[in-house]
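Grab a pencil and have a go at these exercises. Each one comes with a worked solution, so you can check yourself step by step.

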Amino acid sequence: MKKIFLPFFILLTGIAQSQMKADDVKTFTLKNGMKFLVVEDNSIPNANMYLFYRVGSRNEYQGITGLSHFFEHMMFNGAKKYGPKLFDQTMEFNGGANNAYTREDVTVYTNWFPSSATEVIFDLEGDRISSLSIDPKMVESERGVVLSERSTGLENSPWQVLFQTTQGLAFLEHPYHWPVIGYEDDMKNWKLADLERYFKTYYAPNNCVTVISGNVKFDDIKKLAEKYIEPIPSQPTPPKVNIVEPIQTGERRVLMQKDVATPYLGISWHVPAATHEDYYALSILSDILTSGRSSRLYSSLIDKKQLATQVFANFGESFDPYLFVIAGVTAKNVHENDLEKAIYEELEKIKKEGITESELQKIKNQKLMEFYGQVETINGKSNNIGTYELFFGDYKKMFDAPAAYNKVTVEDIKKMAIKYFTKSNRTVGVLKSNTEE
Amino acid sequence: MQKKYSVLFIILTACLTFQLHAQSYKLPLYEKFKLKNGLTVYLMEQHEVPVINISVILPAGAIYDGEKAGLASLTAAALKHGTNKYTKEKLDEELDFHGAFIGTTVSKESAGLSARMASKDKNKIINLVKEVLLEPTFDAMEFEKEKKRLLVGLEQQKESPRSVIGAYFDKFIYGDHVYGNIVQGKIATVTPLTVDDVKKFYVENYLPEGAAISIAGDFNKDEMKTLISRLFDLWKKGTKPQVNLASKPIVTPTKQQVLLINKDDAKETTFYIGAPGISRNNPDFVSIEVVNTLFGGRFTSMLNDELRVNTGLTYGANSRFNALKNGGTFVISTFTAGKTTEPAIDKALEVLNKLHTNGLDQKSLTSAKNYVKGQFPPRYETAGQLAGLMTQMFWYNFDESFINNFEKNVDGLNLEKANQIISKYFPKDKLQFVLVGKSADIKKIAEKYGKVTEVQIKEEPKKGF
């Protein structure tokens, strides 16, 4: 039987579920510095392994932009024992599948497998972490793959152009300036030496947290980790990212051309990193604005005023101060300026009148349901535990989150809107067909 | 070194005799019964989280659109525009406040509703599900708003080759058969639709005798049985039987041909290469899945290995069988830079030829079988997934033996049978090509593969090509 292992809903709804405790996540740290978080869950005969590396486009500089993401791809292209193609072939032969993703702050490798294959997965990971072998021929064919990945994103979604450009303007100095996928010309010019240095610097066991959930035993995992991972030497702590984005002192605007049916709009405000005390209130504010059809912006802009066909907000966890984004697509025959103005009017309402107790309770109820969804699968468990460990500094912070959300008051929400939704703090991007008018 | 070597040896040995001996996945117990009006009900208790999931399937898909493409889709959306007791606004507020969700969808053959709620809210939210399904008011103003959004959406789709290629392909391969109907509709057919069309479509097609509701989650089965019977007994049977439009024979293409959809600003070519496939009740369904896994269904598949890993022509290439009740398609799907269109298409064809010429070997078959078995249990991990599975069981007329015998069926596939599967189900000739890209650059290339019909992405898909 699976069980929920966190007390999130107790605080939100007052249901007593005494069996839930932080102890359900068991941890150990190897001598080389790699930390393991393990959740035993035998609901299905499967398990997973999520490896979170503290490296992303935030660690790049101009000339090597996109290298973190490219490196993510190269981690599948051969090591000492399992040469080119053998990582995937061996994993799939043993019933496993994998993927990986790269963000501004982290690179995450995900393996999903029948738990009978656990030792094979350790062997595969140990091999590539200890002795990745970067074959120049593989570099070239993989370069084509990521160029295709970049191009197909741009080809199929106007959002990608809009967000990349707006983010680039919101951050003029901090490495959040460039897109995770990289600049096309940098992508064509990464050198083998860049990759080798990247591997040595960032793919050290001490720069990684591994999370395993599923039909496994903690003691077995520990033994396997000691056998396959512990012999890999640690490396010096990677260099710190020192750049702090200077405070924005005036509104920034940018216009982009693409052949689209109606204009796309994205507005970004600078907000603090995940560890800041405002995180939880901002997260609730984001939901107040766009979560569900009764949310402020959906109800006003799409339903009542019919100015937009889509609207959403994006606010998430980050290592350094990042962005709170509100984005929308204008309805037919609506000027994007009218949509933009209507968004500001809704934000002004919150600044002046605040929100209602019932609205706040609604979001707390939604957060609870969202939480159930996250712990319903072994993958949701691993991903969330790992994310808390890296972005909030400790997986145990996940246990404090319910209290943190519950402490947020209607007054706090108003304060957030006043503090962050200012004109001088925002960057506005518009993408439309005719940029000559 | 020594240590590493011995580890390698053990693993290789293990691989040679490898069989997945993890405890087999079995479908949890469920109860199935029928109400007097013919509605089929599935109940499955799952107490892992205090949540209840509902899945409903109805015989109200786009195959019943007739000339009014998009009608089934708009009808499904309009179910949420208010009920006898709740205005749309009130309905949205109630759902959001409880963190609950009711969503409607439509596919080619069926319409669907899914819902999710905290188990403590079950009486309130399941009653809302009933209202949405049985007592929608189809508010005229809300309908006009929905239609306007859809029309913008249809225009936006043309900005993304990936979003439109599937509809073009189906139209191309199914011709006049109702499986070629375009689910989202077309600008020309959606524009004249009225709320009366929706009301009529609802009365004719939202019928309990052809529908099923499945509920999985944290509840007591007997209590739920009482609740569901009380609420859904009110659903009236249809006055005339629904005609099964999909049962007409599907005319299969007689020659290899190309549909080229010109997009002037395209930098890539997005393409499908396909042929008629199988229906969901095909007795070889599981074996075909295993063989397709090898050909184009996973990362190391023949297609992805050649088009991505070896040549870097694309970010990804795959193949799949889309199986419906009375037929289906097989499709190879990928994309590449405009200038590499020809090598990418040629590679895809070369891989397909190789499948036929070389067949499979024992090691790769074992690998595919292990993979399919290993990735099976997570597909049915949550109560929401299980609720969806049960309505699929109803729709395609299969039962728990599909789940419980899955491993056995996979294990039973031997090399000889696998190679028969290839020649029987994987196309060799009369391939149908659909390309979305910049015609000025790729038309000459397209002509290499068959007679080319060219259309403009900004225009509407035609009835036949």
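**Exercise 1: Chain B as a whole**

Find how much of chain B is buried, and check whether its radius of gyration fits a compact globule.

*Solution.* Step one: of the 465 residues in chain B, 51% are buried (20 or more other C-beta atoms within 10 Å of a residue's own, with C-beta atoms placed from the backbone). A quick note: this is a predicted model, where local features need pLDDT of at least 70, side-chain atom pairs count only at pLDDT 80 or more, and totals for chains, interfaces and linings use all residues. Residues are numbered from 1 along each chain as its sequence is written, while chains are lettered from A and ligands numbered from 1 in the order in which they are written.

Step two: the globule rule, 2.2 Å times the number of residues to the power 0.38, works over C-alpha atoms. For 465 residues it gives a radius near 23 Å, and chain B agrees because it has 24 Å.

**Exercise 2: Two domains in chain A**

Work out how domain 1 and domain 2 of chain A meet.

*Solution.* Start with the bounds, which come from an automatic or database domain assignment: domain 1 covers 31-228 and domain 2 covers 252-432. Their centres, over C-alpha atoms, are 28 Å apart. Next, count contacts (C-beta atoms, placed from the backbone, within 7 Å): 31 residues of domain 1 of chain A touch 27 of domain 2 of chain A. Finally, H6(A), a helix (a DSSP run of H or I, at least four residues), gives the largest share of domain 1's side, 10 residues.

How values were computed. Buried ≥ 20, exposed ≤ 12 C-beta atoms within 10 Å, placed from the backbone. Helix = DSSP H or I, 4+ residues; strand = E, 2+ residues; numbered from the N terminus.
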